[in-house]
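Visitor: I'd like to go through this one label by label. Can you tell me what stands behind each term?

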Amino acid sequence: MIIVTGATGKLGRRTVEHLLARLPADRVGVSVRDPRKAQDLADRGVRVRQGSFDDPASLVHAFEGAEQLLLVSLDRTGDECVTGHRNAVDAAVKAGVGRILYTSQMGASHGSRFQACRDHARTEDLLRATGLPWTALRNGFYASSALHFLEPARHTGRIALPADGPVAWTGHNDLAEATAAILTDEGCFEGPTPPLTGPAALDFDAVAETAAQVTGRPFTRTVVPDDAFREQTLAQGAPAPIADLLLSIFAAARAGEFTAVDPTLARLIGREPAAFRAQLKHAWTQEVR
Ligand SMILES: NC(=O)c1ccc[n+]([C@@H]2O[C@H](COP(=O)([O-])OP(=O)(O)OC[C@H]3O[C@@H](n4cnc5c(N)ncnc54)[C@H](OP(=O)(O)O)[C@@H]3O)[C@@H](O)[C@H]2O)c1
């Protein structure tokens, strides 16, 4: 059986759908915080068990019988994040899981400028130390994150953000499909995968051009000094750690940590991954309608 955590979230849920297209439902299970949110999966024959990364015993029960486990990383940072991941890795060992796949990120490294990539590196160390077969999916930066940064500019046409660098923005759906492909071809990657990326790396100058092409309206890109961006983010009510986390994305992008474009994702899904332009068009035209 393949067990997926975070199956009520965007990446986990899409991965489950791609698995169900390839496997009978009784070979798929999910470990979710709130089983009511996965009732439709239970109705389709998927094993649904309650599992919280903050409750190790619940995870051991939820991971029972897993030949493979997809650990979807927590949306937290620092020690709080790594502690949750450690709970899950320890529970996987206790439950006798055969292989652990983990949603890491391209650029994962102890020396990364981006906190999340340092957390991923620490989690990869935990996986390595289990002695179990493991795979770290070095996922490209979500295109949805770029759309989030772009949201204030959507109607004003003014993209005012810190200095950046090219990022290989990558779609959730392509990553989910690739994850299902790796899970159903067990053992095709040991340890970290190559970066699983979209087809091109774009900085926000290029994103502005793309937005203008898609909407037919002008978009301007101005560089906001890091300190001013931090102040703005705090003034909008974000806590200081979040403001610093956001800034660190730009610092890492400037250092080229998310710039590599790699053909592995295309090979796994059997087509060119979605371009940022298509994702922008889809997101903006879908919501405008
Ligand atoms: N590659 C990138 O660019 C990038 C960017 C941002 C984030 N990420 C990482 O990728 C992960 C998946 O992305 P996503 O878009 O699918 O995020 P998402 O939609 O927010 O899904 C996160 C999932 O984690 C579950 N979760 C949260 N806390 C939990 C806990 N204590 N115990 C058990 N489950 C818990 C959530 O459960 P509920 O449904 O109950 O809330 C949800 O299903 C994120 O969590 C983050 O670590 C990657």
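Guide: Sure, and keep in mind that this is a predicted model. Let's start at the ligand: one of its oxygen atoms is 3.3 Å from a polar backbone atom of Asp75.

Visitor: What makes that pair with Asp75 a polar contact?

Guide: The cut-off for a pair of N or O atoms is 3.5 Å. The Asp75 pair comes in at 3.3 Å, so it counts as a polar contact. Leu74 also supplies a backbone N or O atom, at 2.9 Å from an oxygen atom of the ligand. With Arg33, a polar side-chain atom does the job, lying 2.7 Å from a ligand oxygen.

Visitor: How much of the ligand does the protein bury?

Guide: The protein buries 84% of the 910 Å² that the ligand exposes when taken alone.

Visitor: What kind of site does the ligand sit in, and which residues are closest?

Guide: The ligand sits in the largest pocket. There are 21 residues around the ligand, and the closest are Thr8, Leu11, Arg33, Ser73 and Tyr142.

Visitor: On to Thr5. Why is Thr5 called buried?

Guide: Buried means under 20% relative accessible area. Thr5 has 1% relative accessibility, so Thr5 gets the label. Its place is in strand S1, residues 2-5. Beyond its sequence neighbours, Thr5 is in contact with several residues, including Phe53, Phe63, Leu69 and Leu71.

Visitor: How do you know that the side chain of Thr5 makes a polar contact with Val72?

Guide: The side chain of Thr5 reaches the backbone nitrogen of Val72 at 2.8 Å. The limit is 3.5 Å, so the pair qualifies.

Visitor: And His61, why is that one called partly exposed?

Guide: Partly exposed covers the range between under 20% and over 50%. His61 is at 45%, so it goes in that class. You'll find His61 in helix H3, residues 56-62. Leaving aside neighbours within four places in sequence, His61 is in contact with Arg47 and Arg49. As for Gln50, it is 11 residues from His61 in sequence, with 8.3 Å between the C-alpha atoms.

Visitor: What about Ala168, why does it count as buried?

Guide: Ala168 has 0% relative accessibility. That is under the 20% cut-off, so Ala168 counts as buried. Ala168 is in the loop between strand S7 (158-161) and helix H8 (172-184). Among the residues Ala168 touches are Gly140, Phe141, Gly198, Phe258 and Val261. Thr197 is another of them; Ala168 and Thr197 are 29 residues apart in sequence, yet their C-alpha atoms are 5.8 Å apart.

Visitor: Asp164 is in the loop between S7 and H8 too. What makes its pairing with Phe204 a polar contact?

Guide: A polar side-chain atom of Asp164 and the backbone nitrogen of Phe204 are 2.7 Å apart. With the limit at 3.5 Å, this pair counts. Asp164 also touches Asp203, Arg221, Phe250, Ala253 and Arg254.

Visitor: Last one: why is Thr179 called buried?

Guide: Thr179 is at 2% relative accessibility, so it counts as buried, given that the label needs a value under 20%. This residue is found in helix H8. Leaving out residues up to four places away in sequence, Thr179 touches Thr15, Leu70 and Leu137.

Visitor: How far is Thr179 from Ser52?

Guide: Their C-alpha atoms are separated by 22 Å, and the two residues are 127 apart along the chain.

Methods
Residues numbered from 1 in each chain as written. Predicted model: local features only at pLDDT ≥ 70, side-chain atom pairs only at ≥ 80, totals over all residues. Heavy atoms only, no water. Helix = DSSP H or I, 4+ residues; strand = E, 2+ residues; numbered from the N terminus. Buried < 20%, exposed > 50% of the residue type's maximum accessible area, 1.4 Å probe, protein only. Contact = heavy atoms within 4.5 Å. Near = heavy atom within 4 Å. Polar contact = N/O pair within 3.5 Å; in protein donor to acceptor, adjacent residues only side chain to side chain. Areas by Shrake-Rupley, 256 points an atom, 1.4 Å probe, with all protein chains shown as cover. 1 Å grid on protein atoms, 1.4 Å probe; cavity = no way out; pocket = protein on both sides within 12 Å on 5 of 7 lines; lining within 4 Å. Sits in = over half its atoms within 2 Å of the grid points.
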